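Hi,

Here is the structure I promised to pass along. Have a look at it first, and then read my notes below.

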Amino acid sequence: MKTSLLLKIKENKKLYEYLHDHSYWYRNLNRNEDNYNLLLKEFKEYQREMGMNKVNKTIENIELFTNMIKFVD
């Protein structure tokens, strides 16, 4: 992997953490640097999914809180 690509990855802290957790991408990037675009695409989908998970958890917490209030009344 070229150092310029490695520097690009390290500039984006969240992408760097994602790459650390999904280390199979190192192999893919070492084989072909054009896979960087595929990495970015998968990373964006992962971020979107994590964002939706946070929203869903927040909604569940609100529903739990409202049910607790109804139970107390």
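**What I found, helix by helix**

Helices α3 and α4 pack with their axes 8 Å apart, at an angle of about 150 degrees. Angles over 145 degrees count as roughly antiparallel, so that is how α3 runs relative to α4. Before going further, bear in mind that this is a predicted model.

On the α3 side, the contact is made by Y24, W25, N28 and L29, and α4 brings N35, Y36, L38, L39 and E42. By residue class, that contact of α3 with α4 divides into six nonpolar, two polar and one charged.

One residue to click on here is N35, which sits in helix α4. Its relative accessibility is 18%, and the cut-off for buried is under 20%, so N35 counts as buried. A polar atom of the N35 side chain lies 2.9 Å from the backbone oxygen of N28. If you skip neighbours within four places in sequence, N35 is in contact with W25, N28 and L29.

The loop between α3 and α4 holds N32. With 35% relative accessibility, N32 counts as partly exposed. From N32 to K44 is 12 residues in sequence, and their C-alpha atoms are 20 Å apart in space.

Next, α2 against α4. Their axes are 11 Å apart and the packing angle is about 95 degrees, which makes α2 roughly perpendicular to α4. From α2, the residues making the contact are K14, L15, Y18 and L19; from α4 they are Y36, L39, L40, E42, F43, Y46 and Q47. That contact of α2 with α4 divides into eight nonpolar residues, one polar and two charged.

L40, in helix α4, is one of the residues in that contact. At 22% relative accessibility, L40 counts as partly exposed. L40 and L15 are 25 residues apart along the chain, yet their C-alpha atoms are separated by 8.1 Å.

Y18 is another one to look at. Leaving out neighbours within four places in sequence, Y18 is in contact with Y24, W25, L39, E42, F43 and Y46.

Then there is the pair at the start of the chain. Helix α1 covers residues 3–11 and helix α2 covers residues 13–21; they pack at an angle of about 105 degrees, with axes 5 Å apart. α1 and α2 are therefore roughly perpendicular to each other. I9, K10 and E11 of α1 meet K13, L15, Y16 and L19 of α2. The residues of this contact come out as four nonpolar, three charged and no polar.

So which residues make up the largest nonpolar core? There are 10 of them: L5, I9, L15, Y18, L19, W25, L29, Y36, L39 and F43. Each of α1, α2, α3 (24–31) and α4 (35–72) supplies at least two residues of this core. Several names from above turn up again in it: Y18 and W25 are both core members, and Y18 is in contact with W25. L29, also in the core, is one of the residues in contact with N35.

If you only want a few places to start, I'd go to N35 with its 2.9 Å pairing to the N28 backbone oxygen, then Y18 and its contacts, W25 and F43 among them, and then the core of 10 residues.

Cheers

Definitions and conventions
Residues are numbered from 1 along each chain as its sequence is written. This is a predicted model: local features need pLDDT of at least 70, side-chain atom pairs count only at pLDDT 80 or more; totals for chains, interfaces and linings use all residues. Side-chain values use heavy atoms; hydrogens and water are left out. Axes are lines fitted to C-alpha atoms, for helices over the stretch in contact, and angles run from 0 to 180 degrees between N-to-C directions. Helices (H or I, at least four residues) and strands (E, at least two) are DSSP runs, numbered from the N terminus. Angles under 35 degrees count as roughly parallel, over 145 as roughly antiparallel, 65 to 115 as roughly perpendicular and the rest as oblique. Contact means heavy atoms within 4.5 Å. Ala, Val, Leu, Ile, Met, Phe, Trp, Tyr, Cys and Pro count as nonpolar, Asp, Glu, Lys and Arg as charged, and the others, Gly among them, as polar. A nonpolar core is a set of buried Ala, Val, Leu, Ile, Met, Phe, Trp, Tyr and Cys residues joined through side-chain atoms within 4.5 Å. Buried means under 20% relative accessible area, exposed over 50%, partly exposed in between (1.4 Å probe, protein chains only). A polar contact is a pair of N or O atoms within 3.5 Å; within protein, one must be able to donate a hydrogen and the other to accept it, and residues adjacent in sequence count only if both atoms are side-chain atoms.
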